[in-house]
Amino acid sequence: MSSNLEITDNDVSSVPTFYIMQLEKVLARNGVALASCLDKQGLHYEQFKQAGAKMAAEHFIILVNNLVEGHGIKRPGVLLGEALQLIHHGPFGLAIMNSPTVIDIISLFERFIAMRVPGLELHIIEKHNDIVVTVHDLYWREHVHQFFIDALTSALLNLHSSLVSEGNSPVISRVIFDYSTEKCGCNSHRQHLHSECSAPDIERLYDQPYCAIVLDKSKAHQPLVNSDKVSFDYAVKLCEMEYEALVVNNATEKLRHFLRQHNATIPSLESAANALCISKRTLHRQLEKENTSFRKEREKTLMRKALDLLFVKRLSVKQTAYQLGYTEPTNFRRAFVNYYGRPPSAF
């Protein structure tokens, strides 16, 4: 989802800080003290080093804006993403390290991205000889949007480079960004990320309608060198336990996970409540407590899928409307304009 769209979701309240030490190191190498940045907000650095620590979303937004605008660090997300190693990701990293194929790695990100970056969703779409992994931002905007997209992309390119060095075939062909590098002082819309050597043959496309990573479909399903299915299955179980602990009291995330599993039309409130083993009234009450509703979450899911169908699969407006379950294309166009502020043709 483009970062310049005026959508006001307020459903991310905090950011986990388990990468805080890596962020501190890369900032220090650029002459910036993380502790001083936090002090300016009246925050204590030590509290964010504790296991399970989180930072309020509003404080994180101020922090990133300060790094970019106050300290001139134009791509802090790239710096963090390139610094992260698999060991820093805990059970998630262990699962990635032992994944049977690249598509298994991408599926892990699709399932568990909420544990690492709240507010992002990944969708896997097969198109001809490609697998297009679209990245949708549900909340973050401007510098923070770019921070998380940069961090995710750089981490994946870093991982891709490691896999190739182990003897695996290159899989990523293109990376697509919905923002311009001109905003961060770069000269070209096809500028490489911070590390020129991480993946020099991968094409970067900026200022596009959406963010995505494009994979070669045949290579994405090839067995990876050094994979270990037993360790992979064990690590996935640990990830599932961590995810359950994260969403145990979060009806919104459970509902979103359920909605993502349905590629056809979006299910009803009743079917969603049944899948979550609660009554419709209880689901409605829990979502209301979390400042959302089934209708709102259903609309978000439909509109994100609309972008995938329009821009990745290149369906017509009429085909997209029927694919999403609208009885009339005019109803879809109206919903699209209400959500994005412009018709599908404007994109």
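The second largest cavity in this predicted model is lined by Val135, Ile149, Thr153, Val175, Ile176, Cys211, Ala212 and Ile213. Its volume is about 30 Å³. Two cavities of 30 Å³ or more are counted in the structure, and the largest of them has a volume of about 90 Å³.

**Second largest cavity**

- Helix H7, strand S5 (172-176) and strand S7 (211-216) each give at least two residues to the lining of this cavity.
- S7 makes the largest contribution to the lining of the second largest cavity, with three residues.
- Seven residues of this lining are nonpolar and one is polar, while none is charged.

**Largest cavity**

- The residues around the largest cavity are Val102, Ile105, Ile106, Leu156, Leu159, His160, Leu163, Ile172 and Leu215.
- Two elements, helix H6 (102-116) and helix H7 (142-165), supply two or more residues each to the lining of the largest cavity.
- H7 has the largest share of this lining, at four residues.
- The lining of the largest cavity holds eight nonpolar residues and one polar residue, with no charged residues.

**Second largest pocket**

- The second largest pocket encloses about 610 Å³ of space.
- It is lined by 35 residues, of which Tyr19, Leu84, Gln85, His89 and Ala155 are the closest to the centre of the pocket.
- Strand S1 (14-16), helix H1 (20-29), helix H5 (91-97), H6 and H7 are the elements with two or more residues in the lining of this pocket.
- The largest share of the pocket lining comes from H7, which gives nine residues.
- By class, the lining of the second largest pocket has 25 nonpolar, eight polar and two charged residues.

**Helix H7 across the sites**

- H7 provides the largest share of the lining in the largest cavity and also in the second largest pocket.
- In the second largest cavity, H7 is among the elements that supply at least two lining residues, but the largest share there comes from S7.

**Chain as a whole**

- The protein chain has 15 helices and seven strands.
- It consists of 347 residues, and 51% of them count as buried.
- Among contacts in the chain with a separation of 6 or more, 71% are between residues 24 or more positions apart.
- The accessible surface of the chain is about 16,400 Å², and carbon and sulfur atoms account for 50% of this area.

Terms used: Residues are numbered from 1 along each chain as its sequence is written. This is a predicted model: local features need pLDDT of at least 70, side-chain atom pairs count only at pLDDT 80 or more; totals for chains, interfaces and linings use all residues. Side-chain values use heavy atoms; hydrogens and water are left out. On a 1 Å grid over the protein atoms alone, a cavity is a set of points where a 1.4 Å probe fits but cannot get out, and a pocket is an open set with protein on both sides within 12 Å along at least five of seven lines; lining residues have an atom within 4 Å of a point. Grid points are joined across faces, edges and corners, and a volume is the space filled by probe spheres set on the points. Ala, Val, Leu, Ile, Met, Phe, Trp, Tyr, Cys and Pro count as nonpolar, Asp, Glu, Lys and Arg as charged, and the others, Gly among them, as polar. Buried means under 20% relative accessible area, exposed over 50%, partly exposed in between (1.4 Å probe, protein chains only). Contact means heavy atoms within 4.5 Å. Accessible areas come from the Shrake-Rupley method with a 1.4 Å probe; for residues, only the protein chains shown count as cover.
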